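Please open the model in a viewer with the cartoon shown and side chains ready to be switched on. The tour proceeds by selection, and each stop says what is to be found there.

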Amino acid sequence: MVGRCVRRGRVSCARGARRIERRGCDEFLRALIRWACGSRFNVGAVLLVHVAMFASQHSIMDSATAQTSAAPAMQRLPPVQETVKTAQLPPSVLTPRQVVPPPQPTAPPPATFRRVQVFPRAEGTGPSVETVTTPTGENVIVINNGVNVVIQGLSVDNLPDTFGPLGDIDIETDRIVIWGIDMSGGLGGTMQASNLPLEIYMEGNIVFRQGDRTVYADRMFYDVRRQIGVIINGEMIAPVPQIGGTPYAGLVRLRASAMRQLDNAHFVAQNGLVTTSRLENPSYAFTADTIQFEDLQQPTIDPITGAPLIDPATGQPVAAVHQRMATSNNNFLYIGDVPVFYWPTLATDLDNPRYYISNFRFRRDSIFGYQAMFDLDAFQLLGMQAPRGVDWDISLDYLSERGFGYGTGAEYARDSFFSFDGPTTGRADAWFISDNGLDNLGRERRSITPEESFRGRAFWNHRQHLIGGPLDDWVVQGEVGWISDRTFLEQYYEHEWDDNKDQLTGVRLKRTYDNQSISVEANGRLNEFFTQTQWLPRLDHNWLGEPLLGDQLTWFEHTSLAYADIGVASVPTNATLASQFERLPWEENGVGSPISGNGERFVTRHEFDYPIDLAPFKVVPFALGELGHWGSDINGDPVDRAFINAGVRASIPFWYVDPTVRDPLFNLNGLAHKVVFDAQLSWAEATRDVNRFPLYDELDDDSIEDFHRRMFFAPFGGVLPGLYYIPGAPSSIDQKFDPRFVAIRSGLQNWVTSPSSEIAEDLAALRMGMHHRLQTKRGAIGEERIIDWITFDANATWFPDPDRDNVGTDIGQLDYDFRWHLGDRFSILSDGYADTFGDGLKTASIGALLNRPARGNVFLGYRMARGLFEADVVSATLNYRMNEKWLASATSSVDFGPTGNIGQGVAFTRIGESLLATVGANVDASKGTVGATFLVEPRFLPKLNTTRKTGVEIPPAGAYNLE
């Protein structure tokens with residue numbers, strides 16, 4: 001969908017921690033973290049990251065319970081100050097019984113030990129202590145004039161680790177009432193078992209600390225043993241434990257008039273404000289009248305046996321699966337004092353929090369115009385509970401220059417698929433538009449009228465490892481790939497068109513066991529404008545590395561039985577595209593018509609290796625043979641082929657270590673040189689010419705084939721059309737640039753598991769290579785690690801029969817790759833390739849990369865290309881944090897050859913206390929377009945879109961207090 005394609009990325013709020021390690025109020029804390037970071041809005045800031053309570057064992061109870069247990073002691077307190085009275089909330093607000101289930105009994109924790117100590121809050125007059133004994137014999141301590149209470153959980157010898165330690169609590173308050181301890185020994189401290197009652201009521205300037213969390217409140221009640229309590233008019237500053245497995249460096253604030261726990265599974269916070277801003281008046285905040293949290297647990301079940309799943313390492317049951325649901329009412333998002341978003345009710349699964357709108361983007365360019373793109377959560381729109389592991393979106397997109405687009409997409413990862421057990425993953429996406437604009441695809445194709453007015457695609461990719469039943473341990477893969485027209489993907493899903501595999505339609509069953517695999521598949525062709533093969537059906541068997549004759553021989557085998565029906569790409573109906581369209585030589589028969597390409601294909605290929613240990617050399621003579629039958633060659637006639645490839649592979653390693661090498665300039669701490677020289681001499685002969693065969697197994701993806709066709713279009717292809725490509729009946733292309741012969745010279749036919757059975761031809765070649773590693777140690781003393789200082793790989797091929805095999809030159813296919821890591825942050829990179837015959841491709845590059853994550857990075861590179869095309873491209877990228885508040889980014893690519901300017905981009909980011917604001921512009925000379933971008937991003941996200949694009953680390957808001 002355009003919401004996931006036209007835009008280059010999406011800003012998504014980080015998900016909350018997926019595993020709860022502690023119970024009680026901390027469960028509520030982490031639940032609220034997930035709730036607060038659920039929505040993903042790109043403009044105007046995102047819902048905030050974190051709401052915190054007061055401790056991992058400090059939960060919240062129903063107000064009615066608090067009032068009942070606290071009543072006797074509260075009668076003995078001095079009169080409540082007026083400032084404290086204002087914090088008291090009416091019971092009707094604190095107890096929304098119509099929406100929250102009644103509290104359930106809470107089981108006490110296992111018997112452990114705690115220590116309670118009482119100190120004066122400040123030097124000077126000590127606290128006033130009064131001891132009261134209730135009619136039931138319970139001890140009550142009332143302390144005034146400022147007090148500091150420390151509660152410590154102690155580890156005890158011979159107790160399991162699970163019993164302790166419980167952690168420390170540090171409380172400061174003006175006055176406090178404590179039930180359940182005996183302070184007859186003085187304020188120095190007392191020990192007691194944790195299964196004994198201990199309840200605390202506090203009021204007046206409360207500061208409650210545990211670990212990195214700090215709570216400020218007017219009133220507070222806490223039952224240590226039962227771990228329930230209530231906070232009145234509280235504010236907390238706390239770190240986020242973890243978001244989606246990613247550590248989070250920032251701090252967040254929560255203000256709430258009341259926070260309480262009803263039982264182990266139900267929690268409520270009211271009149272809450274959440275923000276990561278440290279300002280008194282936050283730069284942005286999220287507010288809600290009521291936040292309710294429900295945590296339902298289910299044991300983890302083994303999908304095979306149906307019994308509780310056991311961890312094989314510990315022998316214990318795997319942790320229970322939590323289904324955490326949060327609901328909030330009357331929700332506002334504020335930027336400063338201005339509300340920018342409102343939604344009456346938000347309800348979501350906290351493991352995947354999404355609130356109706358899961359993504360929103362706004363942008364403009366000259367191809368699509370103004371773009372407003374929404375992704376909506378389909379389950380929430382339909383009022384359905386989302387199955388675990390399933391995301392389902394509905395897309396609604398408006399593009400002012402093209403029309404209104406709509407679609408749906410889903411991703412899933414589950415332990416079963418309908419009634420079939422077994423791990424399952426998949427992705428589906430469908431998007432459609434009534435297009436009233438023109439496609440801009442780049443040079444020579446900037447104003448293309450689409451072949452269809454109703455455009456879109458439907459894609460589904462599914463994979464499941466089946467468990468049980470007649471197909472136990474088989475893997476089923478299914479795919480559907482329908483596209484409306486030949487240019488739709490390139491225009492709307494450019495990344496998928498350039499980088500992903502072809503979108504096909506078919507199903508495959510595959511099983512792997514030991515060193516064998518067997519698969520059966522069937523495919524259908526839905527897109528007639530691409531050349532694709534239908535397999536009706538196809539069976540493949542592989543047997544790799546099987547020892548024979550007591551390990552003296554090693555056998556490799558691949559056999560394929562299939563019925564193939566190849567469909568050749570249709571001629572475009574658009575006049576501009578038709579003028580640039582040429583069929584490839586293997587797509588035409590002897591009279592220049594499209595091949596029929598249907599019939600049976602049976603191929604079996606085997607290789608026998610005989611390893612010989614001639615230390616220090618490793619030598620492996622080998623022989624590969626193939627027998628194949630094709631029911632239809634390019635002229636529709638049956639053809640049989642035998643193929644043999646024999647030779648020897650050899651390698652020898654060398655190494656040298658000198659620990660005395662020291663050089664502070666190059667950061668050397670010892671030096672090791674490791675090098676491997678290898679070679680392969682092979683001779684191959686086939687009984688049939690490769691030109692007779694259609695490419696049932698395609699060598700290139702649809703996008704590369706489309707580029708090859710345009711290379712034969714004279715204005716685009718330069719000297720290639722008419723000189724090396726001769727149109728006719730049939731057309732022909734010189735071996736220099738024919739993809740089939742490039743694959744042959746590169747040794748594709750040497751593999752038993754070659755991806756193309758049709759590629760086999762006479763060839764003699766000696767391939768030689770060397771692979772160097774210069775290594776040293778870096779790191780602190782005692783923590784050194786081995787790193788590659790310099791790597792250098794080079795290869796070359798000698799052709800004994802150059803006129804037949806390499807267009808008249810003896811040496812060809814030269815390549816190298818060089819990397820010099822001078823330091824941990826600075827590298828010099830270079831690579832190159834050369835075909836030595838006339839007009840053969842020759843390319844080389846060199847570049848330098850400097851990276852300082854907190855400050856910036858820079859890359860400067862040059863690439864030269866010679867052959868059919870000439871290019872001298874200089875590329876530069878700079879990302880630099882100019883100061884605490886500004887980040888600059890720039891990129892440029894210029895060809896000093898015939899192409900000229902390629903493109904530029906520049907952006908400036910204002911780093912605010914809570915928000916990142918980016919404004920930028922870019923030029924795409926290929927498409928002749930200029931674009932502008934504006935992005936507002938909250939800083940609380942653990943993975944910032946700005947950091948992903950620039951590589952500059954920007955800490956979350958509040959990580960280092962107020963900036």
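Select β35 and β36 in this predicted model: the two strands pair in the antiparallel sense over eight bridges. Within this pairing, D793 has D817 of β36 as its bridge partner. Extend the selection to β37, which is joined to β36 by eight bridges and runs antiparallel to it. Here Y816 stands opposite G832 of β37. The connection between β36 and β37 is a hairpin, with four residues between the strands.

Now display the side chains of R785 and D824, which form a salt bridge whose closest N and O atoms are 3.3 Å apart. R785 belongs to strand β35 (residues 785-798), whereas D824 sits in the loop between β36 (811-821) and β37 (826-834), so the salt bridge ties together parts that are 39 residues apart in sequence. With a relative accessibility of 41%, R785 is partly exposed.

Next, select D801 and R804. These two residues form a salt bridge as well, with 3.6 Å between the closest N and O atoms. D801 is partly exposed, its relative accessible area being 32%, and R804 is also partly exposed, at 36% relative accessibility.

**Strands β38 to β40**

Move on to strand β38 (residues 842-852) and strand β39 (residues 856-866), an antiparallel pair held over 11 bridges. N851 stands opposite N857 of β39. β38 and β39 form a hairpin with three residues between them.

Continue to β40, which runs antiparallel to β39 and is joined to it by 10 bridges. The bridge partner of A865 in β40 is A871. This pair, too, is a hairpin, with four residues between β39 and β40. Select G867 in its turn to find a positive phi of about 140°.

**A nonpolar surface patch**

Switch to a surface view and select L850, V858, L878, Y880, M882, W886, V906, F908, V919 and F934. Together these residues make a nonpolar surface patch of about 830 Å². Which strands each supply at least two residues of the nonpolar patch? They are β40 (871-881) and β42 (900-911). For a single example, centre the view on V906, which is found in strand β42. V906 is partly exposed, with a relative accessibility of 40%.

**Helix α9**

Hide the surface and select helix α9 (residues 702-711). Is this helix largely enclosed or open? Seven of the 10 residues of α9 are buried, so the helix is largely enclosed by the rest of the structure. The buried residues are D702, S703, E705, H708, R709, R710 and M711.

To see what surrounds them, add the packing partners of these buried residues. They pack against α7 (494-499), β25 (532-548), α10 (714-717), α11 (720-723) and α12 (739-745).

**Further salt bridges**

Return to the charged side chains and select R255 and E235. Their side chains meet in a salt bridge, with 3.0 Å from N to O. R255 lies in strand β11 (residues 251-263) and E235 in strand β10 (residues 228-239), so this pair ties together parts that are 20 residues apart in sequence. R255 is partly exposed, with a relative accessible area of 23%.

Which residues should be selected to display a network of salt bridges? Choose R402, D435, D439, R455 and D485, which are linked in such a network. As background, side chains of opposite charge can pair when their charged atoms come close. How many salt bridges does the structure hold? The total is 43.

**The whole chain**

Finally, zoom out and select the entire protein chain. It has 14 helices and 44 strands. Of its 963 residues, 48% count as buried. The protein chain exposes about 43,600 Å², and carbon and sulfur atoms supply 58% of that area. Among contacts between residues at least 6 apart in sequence, 60% join residues at least 24 apart.

Note on methods:
Residues are numbered from 1 along each chain as its sequence is written. This is a predicted model: local features need pLDDT of at least 70, side-chain atom pairs count only at pLDDT 80 or more; totals for chains, interfaces and linings use all residues. Side-chain values use heavy atoms; hydrogens and water are left out. A salt bridge is a side-chain nitrogen of Lys or Arg within 4 Å of a carboxyl oxygen of Asp or Glu. Buried means under 20% relative accessible area, exposed over 50%, partly exposed in between (1.4 Å probe, protein chains only). Two strands pair if DSSP finds at least two bridges between them. Patches are made of residues with over 30% relative accessible area and no salt bridge: like charges are joined within 9 Å, nonpolar side chains (Val, Leu, Ile, Met, Phe, Trp, Tyr) within 5 Å. Accessible areas come from the Shrake-Rupley method with a 1.4 Å probe; for residues, only the protein chains shown count as cover. Contact means heavy atoms within 4.5 Å.
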